[in-house]
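Visitor: Please show the model, and then take me through how its parts are arranged.

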Amino acid sequence: MSGVGAENERVPSAERSAPAREDYAYALPIPTRWIDTDAHGHVNNAQYYSFFDTVVTTWLIAEAGHDVRAAPVIGVCIESQCTFRAALTFPETIDAWMRVGRIGRTSVRYEVALFGEGGGACAATGHFVHVYVDREGRRPTPVPEALRAELELCRR
């Protein structure tokens, strides 16, 4: 095999080293909904990104005190990735865990893992990269110092 990611194609995703909950800094339980499922009876892959967004945005508002709806500086997603490891289902409350992987001058990499209910296995890992911009002009701007301090607390 050749090409990007070819080395991972030989190992089923569930067998790649799965992270542990302790590798992350913040957890949010998220119940699945009937509408999240697809014709195959499991949570549709697009919903995993929604769970990623929910845990990151909830942390920003509830823990970091960054009002994403009114702050003069906002994060816009410029990159996202998800590796699927196991199916999630309905009804189930998943544990979405988040950590900060990297903090740049104007960007942050948020890393997320989703775990099945009741101590279940890691169902997915992934990340978002946000570039912080001024709300009005949408030009890159340094991560606000108050937010940077909170981000450092979640860095792993």
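Visitor: In what order do the five strands form the open sheet?
Guide: This is a predicted model. Its five strands pair in antiparallel fashion. Neighbouring strands are turned against each other by 25° on average, direction ignored. The order across the open sheet is β1-β3-β4-β5-β2.

Visitor: Which strands stand at the edges of the sheet?
Guide: An edge strand here has a single partner strand, so one side of it is left without a neighbour in the sheet. That applies to residues 26-31 and to residues 73-84. The edge strands are therefore β1 and β2.

Visitor: Which residue in β4 stands opposite Met-98?
Guide: Strand β3 covers residues 93-103 and β4 covers residues 107-115. The two run antiparallel and are joined by eight bridges. Opposite Met-98 stands Val-112.

Visitor: At about what angle does α2 run to β5?
Guide: Helix α2 spans residues 45-63. It lies across β1, β2, β3, β4 and β5, the last being residues 122-134. Its angle to β5 is about 55°.

Visitor: Which strands does α3 touch as it packs on the sheet?
Guide: Helix α3 is made of residues 145-153. Its direction makes about 115° with that of β3. The strands touched by α3 are β3, β4 and β5.

Visitor: Which residues in α3 are met by α2?
Guide: The two helices pack at an angle of about 115°, with axes 11 Å apart, and their crossing is right-handed. By class, the contact has four nonpolar, no polar and two charged residues. From α2 come Trp-59, Leu-60 and Glu-63, and in α3 they meet Leu-147, Glu-150 and Leu-151.

Conventions:
Residues are numbered from 1 along each chain as its sequence is written. This is a predicted model: local features need pLDDT of at least 70, side-chain atom pairs count only at pLDDT 80 or more; totals for chains, interfaces and linings use all residues. Side-chain values use heavy atoms; hydrogens and water are left out. Axes are lines fitted to C-alpha atoms, for helices over the stretch in contact, and angles run from 0 to 180 degrees between N-to-C directions. Helices (H or I, at least four residues) and strands (E, at least two) are DSSP runs, numbered from the N terminus. A crossing is left-handed if the near helix is turned anticlockwise from the far one by less than a right angle, and right-handed if clockwise. Contact means heavy atoms within 4.5 Å. Ala, Val, Leu, Ile, Met, Phe, Trp, Tyr, Cys and Pro count as nonpolar, Asp, Glu, Lys and Arg as charged, and the others, Gly among them, as polar. Two strands pair if DSSP finds at least two bridges between them.
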